Structure formats: C-alpha cells, structure tokens
Amino acid sequence: MKYIFVYPERCTGCRLCSLACSLTKYGECNPRKAAISVVRDEFERFEFPVVCFQCQDAPCVSACPQNAITKDEGVVTRDDDRCIGCRLCAVVCPFSAITTHGKELIHCDLCGGDPQCVKYCSTKAIEYAEETQEAMQRRKEQLARVLIIEK
Amino acid sequence: MTANQYAIVNLSKGSVKIGETSASIIRSYLGGRGTNVYYLNKLLRKDVDPLSPENVLIFGSGLLTGFLIPNASRFNVTAKSPESGFLGDTNCGGYFAPEMRYAGFDRVIILGKAKKPSYIFLQDGSVEIRDASAYWGLDTYDVQTELRKDLGDVQAAVTGEAGEKLVRFANIRNGVKNAGGRGGLGAVMGSKNLKALVAYGTRGLKVAHPEQLLELTRRVNDYVMNSKVISVMGKLGSPYLYDVSNELGAIRTKNSQLNAWSDSLNAEYFEEYAEKMVSCASCIVHCRHRNTMNGEGPEYTTIGLLGANIGISDPKQVIELNNLCNRLGLDTASAGSILAWVFELYEKGIVDRTKFHGEKLEFENFELAKSLLEKTARREGLGDVLAESSQAVQYFGPKSADYLIAVKNLPQSDPHDVRYIKAFALGIATASRGADHLRSRPTLEIFLRLPQEVKEKIYGTGISPDPTSYEGKEKTVFWSDNMYAVIDAVGICKFICHGFNSPHLIGYEQVREFLQAAVGLDFEVQELKEIGQRIIDTERILNLRFGLTRADDSLPKRYFDDPAPLKTAQGHHIDRQQFQTMLNRYYQLRGWNDQGMVTHKRITELEAIE
C-alpha cells in the first residue's frame, strides 16, 4: 500500500504542496483550502507538513454519525452523499488533518493514487511511497511530535 | 481573474477607502515595484519631508505573488526615503505578501500619521486601524510573536525599535529574517506611529487556467532546480558569493581602504552554525540558514558589511551582529557601511575627535560594533549621530563625505568593491534607489569564463569580454535594470531571475507564460521589456522631482581616486573620463538627455496612464 510520508527535517516551509492541492481541487491558490498544510513557526523553529496519516484506527471513521467515512483498501474515504457536513471528523482528528473552509470539508484522498502535492516539493519532504516497517515506525514517532506541536 | 484590490488608509483621519487597480495600470506596470512607483508618483508632493505625515507609504505585492509559481512571495514597500531623500523602495520575501493577497488586498497605501501607536489589520476584505500601544517598544521578533498570540496565525510586516526611533536605516521585517531592508522605510512607519501591517486571509487567488499553471510550474521548477547555481544556493545560501568576490579582490574591507579580507568568512565556516535551510513562501531554492544562534542568516551582504568592512573575521561574531540587527530592525548593509565610515573618520583624524561622544573607535572590535548598533537603534550618544546614516555628513562636515561609500546618499549594499568590474560601477551609480546590487547588477560580468556569445545573446553585441573595460558596459546595466524591474513587479525572487546569478533561469518568456496561466493576461515579450523600461523611467521622473541631477549618478570618491591595493583587482580604479562617457551612452540607451532628464514627451505619455 502506498501512502504519503512526511519528512519534516527536509521541509523548508514553502507551502507549494498546499497550493498544488488547492489548485488541483478547487482551481485556486489558497493554503487554507488544502488537504495538506504546513504547520510552521519560524520563531519556534519548526516546519511540519500535515496531511491525513490514514490512521489504522482512524477516529474520524468511528466518530462519523452518518458512517460517511470508511477505510477503503487502507485509504480513509468520505462519501459526499452521506456526509451532512457536521464536521465531527475534523474535530476528532488529533492531527487537524481534516480542514474546513467555509462549508467545505477538506480531506486528502491521495488524488486517487496520484497525489499532486508531492510533485511540487523541492526537497522531498513529502513522498508517496510504499509502506515499509521502517517508514511506519518513523511515522509513529512523528505523530507523537505532531501532537506536541499542536498543543 | 483575481480582483486587484487596494486600500488607502489615512491614519490622520482614521479612514479607509477600498478600490480596484485599473486594468490599464496593471498592463503598464504589472504590480509590486512597478505599480507602487506609479502610485507614489501620483500621490506624493515633491518637497515633502520623508518623516512627516505627508509622506506616502505603499505596500504592494507582486502581480504573481501568492500563486503556485516558484519563489513568487515578494512585495515592495515604497515611499520617499528618509535615508537618501530620493526614491525609497525595498523588496521583501517571506510569508506576508501572499497573506495580504489571501486577505483580499494587493496593495495598501498609507497616508498621514496616527495619533497613537497603531497597526493596520487586513482580514478577508476588511481593513481596521487598531491600537498598538501594547506592541510599541517591542523588537521585531517579539512583536510578531505577540501579534500571533493575540490574533492567531497572522503574518505581519513590522518595524522594530529602530523604526520607532526614526533611525534613517530602520527596516521593515517579516518573520525572522525577511527584510524590506533598504532606504529606511521602517522609520517612515515609525514617523506614522505605525508598528505593523498585519494580515490574515482565507480567500485564495482564483487562477485563470489551473491545468496550465500546474503543468507550467512543474516544468519550470524542474528547469530551475536542475541549475547548478540553485543547488549551491540551496546548500550554502548567498554566502557562497563571498569567496568568489574575495578572490578577485572585490570585497569591501575597512571602508574600502582594502579590497580583500579573511578566508575565515568563506561560506563553509558558516555551515557549522546552520541548523536547517528554510525558505520564503513558494520557494524552491531555500537559501536561508536557520542558524544555531537563535536567528536566520547571515547573507553574503551581511558577511561583507558586518564582517570584512568593519574588520571582523570570526563567523560567530558576524552571525551575532546579524541577529542583533534583525531584532532591532536595522538594515545590515547601511549599518556596516556607516560603522566602517566613522571608524575611518576617527582613526585617520579626519573629523575632530570631540565629535564622537567620548567613544574610542576602531576596526576589528566586535564589542564596540555591537554596542554602537544597540545605541544606534535607540539613538543614544554617538548612536544618535549614526542613526542619521549618510545625513551625518552635515554633522561631521563636508570633508567626511569623501570617505562615505554611498551613492545618492544611500550606503552601498553590495559588499562588492566595484573598482575592478566597470559594469558593476555603472550599476551602482545609476540604480534608482542609490548604491545597490539588487536593481541593476549585471552579475554575468563576474563570471570571467562565461563564453562571449552567451553574454552577447543576453546583453547584446559590442560588449567587451574584459570586465575592466568600459566598452559596451552600459548595455549590461540597461538590460539588468529592466529585467529586475519586471521580476520585482511580478513578485518573483531575483535568485531565480535570468541574469542575476546565472545566464539561465526565469526571464521574460517564463514571466509571460506565468502571467497568461495565472492571471489570464496575454503579453508579448516585447511588451514586458517595455514595462521594465517604463518602471525605470517612472522611478527616474520621481527622482528628478526630488531634485536628482546627473551629478548624483556618480560613485564614492575612493572608487575614482584610490586604486585597489590587493589581489586581481590591484591597481584598478574607475577613470572619471571613461566613466562619464559610459554614463552618456547609458543615458542614450534610456532615451534620456545628456543631463539624465526624461523627455517631456515621455513624461506626458506616462502621466496619461490611469
């Protein structure tokens, strides 16, 4: 299974990933209307790309009152017809990886297996790659860091 | 199409007017630096004191800023400069300008003076003037941190203590290191009681042809990232330029008494203080060091001017001075130039020593430099004199002017000693805001092994391959001036601009494609070239209104009269006669008369644009 893996130590903060996402999905350039965000603070000295981590035990899946979110072959998928826009998924996501913009709920769908964001990253801080034991272990450690940053 | 909205904020009246920049202004000037100077020329009375409420301060984003376009993050701030008395115009990266656009504004034009410390808050189409008493007195880091605590994930263009105290080389800052560095426009903010321009935006920019832009940006990104110079910049940042210039004997050292300095300031020695390379919005170069001493940088400019020029050879000390200036909100280029100037005035006894407020001045003294920078930002003791920058000639007396490395009263930003490369000399002599490397630097002249045909393809024919020859060098400056004006107007960083660091990269053709895809404007390359000339002419008209004459398109006395003492450049200086002849040829290329005046016909033509 291929996932988006993030390498914050390589991330320069530029947000081209977010712009590529918003342009692909909405025809506009808007880092706040994208499924991938760069959490950054130059005074606190960190840059961290945040995108759906396709959690094994995804809180969004179990929280959705409409059963609109499912894990479909390892990918968290939202059924627009079932979704009533209650935003509970966005609230329960511990990584704020589901964003909202106006009425829009924005969630990474891996562009159907061809994620655009990774193509614009100049430092390979985000990569679309097969899961390996090592990559998954790295991801676990990173998630712990994200939770600290987001506090 | 994205609406090109501006706000006119009158701080005296507390009023805000919102309008839209006309299509014809955009076609004539694009945005950023170009549109800013258009508005300044329209709105400013010529005899205004730059630190009075009558000065007009304009923040304007590039026309392509904020889009999915490499390195399109930039904005210009424009006003009459309190440092030079001529055009004040400064270009800055970071994350502020995209945020301003996402908040709904391309440009904010600030008039008058607030009664009390204030900031302007732009948020999704609204503009508010708010009380900044809680932020007044904070340095440039702290004010941004506090604004984020109070307002959330905002971006701000701020001024530090130096701006509040009206230091004539106080700058405007965003993030840790991005600076609208030149011309003292931070002091213009201070004079208006304006601490910050703050933005928060969720609006996004509509794209004319999304598919086309996605494809184009991928293609251009690949092209740029495959360039050798870009991979060096991404690893070492601009400090790699120090070594190149130093080998040539072109590093300003001790107020240009010398022209080369210690290898201990080569880029590799700054590497051990680099924690990570970080970037401005949309940047694919990432030239900026996050240093291990709680700051970012230094750039090549700062290494030269707060290193070699004041006789400092320890990288750690340079970084410390860099970080200090950034916190205080001082332009490192003017800071290093002014310190070196007064050190020489004192050491040589050119000025009576009673004029130095009891300070004992000398080169190679880190603690002294540090203490003087702090005093300057706060206008204490001798710092109150240094805070006047080149205007301190009035205090030190006319003889002191002979030792000042400045053009049009602006201390030279480029650490490059221009006695060897004649095109660089013409560049700093004619740049619209004074002695500056970012307006007209014909950099390819420094690549001594670059094939002649490559140079001629860019600059035109009839240019001597010898960097010390004056022949045809006006063409290199003319070309560079125009190209950089266009790249500033669209908001793309010069580090990926054709001709700035490389004979490749983003030139008129790529700008044309980006304009078409992103904002749906069709231009011919020739039209874009004309825009570059139009921007330069408008800046010239404004400078002429401020009283500029041919005599101001000149060089520091030392570059004419004192041959460089060291290395390859040894024995080289600028010949007055040959310089004047080269200047004549430059004026002819621009269509200006022999006094450097713009013709009435051209003025009428440009003033008709609305």
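Cys29(A) stands opposite Leu205(B), a residue in strand 13 of chain B. That spot is part of a cross-chain strand pairing: strand 2 of chain A and strand 13 (residues 205-206) of chain B run antiparallel, joined by two bridges. Keep in mind that this is a predicted model. Here's the rundown, starting with the interface and then moving on to the sheets in chain B and a salt bridge inside chain A.

**How the two chains meet**

- On the chain A side 30 residues take part in the contact, and on the chain B side 49 residues do.
- Put the two chains together and about 3,100 Å² gets buried between them, with 51% of that on carbon and sulfur atoms.
- Three residues stand out on chain A: Arg32(A), Phe43(A) and Arg45(A) supply 25% of the area that chain A buries against chain B, which is more than any other three residues manage.

**Charges and polar contacts across the interface**

- Eight salt bridges run between chain A and chain B.
- One of the big area contributors turns up here again: Arg32(A) has its side chain in a salt bridge with that of Glu99(B), at 2.5 Å from N to O.
- If you count polar contacts instead, 21 residue pairs link chain A and chain B, with both residues at pLDDT 80 or more.

**What chain A brings to the interface**

- Four elements of chain A each give at least two residues to the side that touches chain B: helix 1 (16-26), strand 2 (28-29), strand 3 (37-41) and strand 4 (46-50).
- Helix 1 of chain A has the largest share of that side, with five residues.
- By residue type, the side of chain A that touches chain B splits into 12 nonpolar, eight polar and 10 charged residues.

**The six-stranded sheet in chain B**

- Six strands of chain B make an open sheet with mixed pairing, in the order 2-1-6-3-4-5.
- At its edges sit strand 2 (15-20) and strand 5 (87-92) of chain B, each of which pairs on one side only.
- On average, neighbouring strands of this sheet are turned by 15° against each other, ignoring direction.
- Strand 1 (residues 5-10) of chain B runs antiparallel to strand 2 of chain B, and six bridges join the two.
- To pick out one partnership, Tyr6(B) has Gly19(B) in strand 2 of chain B as its bridge partner.

**The three-stranded sheet in chain B**

- Chain B also has an open sheet of three strands, ordered 14-15-16 and paired antiparallel.
- Strand 14 (274-278) and strand 16 (295-296) of chain B are the edge strands, each with a single partner, so one side of each has no neighbour in the sheet.
- Strand 15 (residues 288-291) and strand 16 of chain B run antiparallel and are joined by two bridges.
- Across from Arg290(B) you'll find Glu296(B), in strand 16 of chain B.
- Helix 8 (residues 228-236) of chain B packs on this sheet and touches strand 14 and strand 15 of chain B; the helix direction makes about 135° with that of strand 14.

**Salt bridges overall, and one within chain A**

- Over all chains, the structure holds 60 salt bridges.
- Among them is a pair inside chain A, where the side chains of Lys25(A) and Asp109(A) meet at 3.0 Å, N to O.
- Lys25(A) is in helix 1 of chain A, while Asp109(A) is in the loop between strand 8 (104-106) and strand 9 (126-130) of chain A, so this salt bridge ties together parts that lie 84 residues apart in sequence.

Note on methods
Residues numbered from 1 in each chain as written. Chains lettered and ligands numbered in written order. Predicted model: local features only at pLDDT ≥ 70, side-chain atom pairs only at ≥ 80, totals over all residues. Heavy atoms only, no water. Contact = heavy atoms within 4.5 Å. Buried area = accessible area lost by both parts, 1.4 Å probe. Salt bridge = Lys/Arg side-chain N within 4 Å of Asp/Glu carboxyl O. Polar contact = N/O pair within 3.5 Å; in protein donor to acceptor, adjacent residues only side chain to side chain. Nonpolar A, V, L, I, M, F, W, Y, C, P; charged D, E, K, R; others polar. Pairing = 2+ DSSP bridges. Axes fitted to C-alpha atoms, helices over the stretch in contact; angles between N-to-C directions.
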